[in-house]
Amino acid sequence: MGLLDLTTDLKSLRYGRDRIGGGSSRDFVGGGSSKEPFITQSINSSPGDTGGPDFLLRANSLQSSLTDSSRMFDYLISPKGIQFALKQNLLSRTAVRSQASNGPINDGIYLSTSTLAQVATNVAGGHLLKQGINPFANTTANASNTGIGIVDDVANFLSDSLPLSAPFYAKKVEAIKEVKNNRLTQLVDYKLGVAAQSSNQFNSFLDNLVSGTGVGGFLGGVGGGLLNNLLATSKSAGQKYNSISLNKDEILRYDGGPGSALGIGQTSLKRVTNTQEYDTPEFKKKFKLLNYSGIISAADSKVGKSKDQILPDFRASLDPEEANPLISTTLNYQSGANGNFEERVNIGNPGRRNKNLSNYNIGTGTGPLDKLNALPIYQSTNVINAGNNIKNDFVKFRIGILDNNSNNPEGLKRYIHFRAFIDSFADNYGAQWGEEKFMGRAESFFRYGGFNRSITMGWTLAAQSVDELIPMYQKLNYLASSLAPDYSSNGYMQGNIAYLTFGGYCYEQPGIITGLNLSYPKESPFEIDVDSKTGANDGGKKTKELPMIMTVTGFEFKPIHNFVPRLQQNDYDGLKVNGSTFVSSWGDERYIALRNKNGNNYSGDNGSETFTVPSSTTNQEGTNLVGDVFTQEAKGLN
């Protein structure tokens, strides 16, 4: 029979014998047939028929729902369906155990009836729960309330109380908030406050599975296991209450979870350090830690005191002054001018308590908040040394403009101090090389042509009080005027020499300013010069309509060096290691100053040498050491 003669009406196809083995004894129930498809029907029926029970619905919706329920029922009682249900419960068993979990199945039991109920309610748009005894359970904090007492009691028991029900945190959140039930507060007691007494042994898989004596025994025993999960109602139940582990190297331990093998075994959350050993010599050699009572004692020291009192620095209780301290010392930020930066650098605190809020036009009532911002321009041969150190800043930042007409040999300058809210800083170096080509040679030749350097900066100025606004703009105005010419007593035009100080990078560095841009950010408020009491304009008697924040960009400074720019001329007759000789003194060509009023870090005139040599240049392993500044193998320095 040829292929062209083979015909079928597509209505007489046979099903069955679709399993491997063709129905031998190796097959599951049903012989060689999987019994699929579970539901068959005539292909002559029309999908749009609405006869019978579907006369009110569209496209056989009700009939389709009944068919789906029948098909799902046949599947769920088949070998594959039984395997599916088993896998769902294993997945639930290996889920993370929350404080709302009930019983040994962490995410609640899975029942095939829940899936059947969901299929049946699809036609009405229902959404049921997949996990838990009761798929119709209320998932909100409100319990079931039908008004029929016994019905509500049964419904709530099935939803919340059975060990196999789904975990609903919303239903238990109020109970969890109570101190006696809250796992976080219990962790304080178990893991911070009182030292644990149980052993730190490692439990084998077999011990977790069957041991009745080991900590965390799976099937039962003192201190753990499945039985303990079912019975735990108080702390006396051991580590299984809220899953808190009694092993000193663990925080939590519970049955199942991600750490189990197909739900068999337990999940353990380890702790890096046993913080309950804070009072042992071994612990103190490695860590610094306040115990629970120490923290509570320090916190309670504020009780009954002024509301403005700052809590004590906990680090002060850790005795960092003992031999080989493990914690660094720090400033006492409660000690005023020697601690918190508001007082230390005279920046003030516009958000402080007990300030005058009656009229913003009068400011704080005690003068400017930021004393440095309000510091006027002054003329001197040296920077001012105010009695209250008013010029103190996070880093030194000032510009001095040389008085061209002064006869003072030390150089009389007009100093401008700005608060060091530095936005950008760049020190740009350039070398000029001329390129030459010679006949018969492919490569280029270069001839050195010169050197140049420029410093660019940007910073922000902000008036934190009304008393700072005008002084801030007065200083900006003077800085801008330094780009214009000055005139001698004879009328000759002359430029202005500036002296830039920026931390220890530039210290009284002479040079010329070639660029300056002033702008204000859009988020800056304006001073509108309106009296907050009367609403009237005071005519600009005290201030003007100006931005309270200004940004300086495009500030370009070209240094004039007090040395001939050249390669730094250092002396190399210091320590010799394996043929290498280290620098012994630095040349005068110090582009980066490393300097303040007490000296620099090149010549050691600030009281300390930069490069020091240890008494021995060989460590215990026989490796050569070079200096206290760095440690290298000598062969790596050749």
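Two residues are in contact when heavy atoms of theirs lie within 4.5 Å. With this meaning in hand, the predicted model may be examined, beginning with a single residue.

Asn570 is found in the loop between β12 (549-559) and β13 (576-577). Setting aside its neighbours within four places in sequence, Asn570 is in contact with Val583, Ser585, Trp586 and Gly587. The side chain of Asn570 is also joined to that of Tyr572 by a polar contact of 3.2 Å. Buried means under 20% relative accessible area; Asn570 counts as buried because its relative accessibility is 15%.

The strand that precedes this loop, β12, belongs to an open sheet of 8 strands, whose order is β3-β5-β4-β10-β11-β12-β7-β6 and whose pairing is antiparallel. β3 (378-380) and β6 (422-436) stand at the edges with a single partner strand each, so one side of each has no neighbour in the sheet. On average, neighbouring strands of this sheet are turned by 35° against each other, direction ignored. At the β3 edge, 3 bridges join β3 to the antiparallel strand β5 (residues 413-417), and Ser380 stands opposite Lys413 in β5.

Attention now turns to the nonpolar residues. In soluble globular proteins, nonpolar side chains tend to be buried together. The largest nonpolar core here has 26 residues, and Ile399, Trp459 and Phe555 have the most contacts inside it. Elements giving two or more residues to this core include β4 (397-402), β7 (445-462) and β12, while α12 gives the most, with 5 residues. Beyond residues up to four places away in sequence, Ile399 touches Trp459, Leu479 and Phe555, among others. Apart from this core lies another, of 5 residues, including Leu372, Tyr378, Ile390 and Tyr415.

Notes:
Residues are numbered from 1 along each chain as its sequence is written. This is a predicted model: local features need pLDDT of at least 70, side-chain atom pairs count only at pLDDT 80 or more; totals for chains, interfaces and linings use all residues. Side-chain values use heavy atoms; hydrogens and water are left out. Helices (H or I, at least four residues) and strands (E, at least two) are DSSP runs, numbered from the N terminus. Buried means under 20% relative accessible area, exposed over 50%, partly exposed in between (1.4 Å probe, protein chains only). A polar contact is a pair of N or O atoms within 3.5 Å; within protein, one must be able to donate a hydrogen and the other to accept it, and residues adjacent in sequence count only if both atoms are side-chain atoms. Two strands pair if DSSP finds at least two bridges between them. Axes are lines fitted to C-alpha atoms, for helices over the stretch in contact, and angles run from 0 to 180 degrees between N-to-C directions. A nonpolar core is a set of buried Ala, Val, Leu, Ile, Met, Phe, Trp, Tyr and Cys residues joined through side-chain atoms within 4.5 Å.
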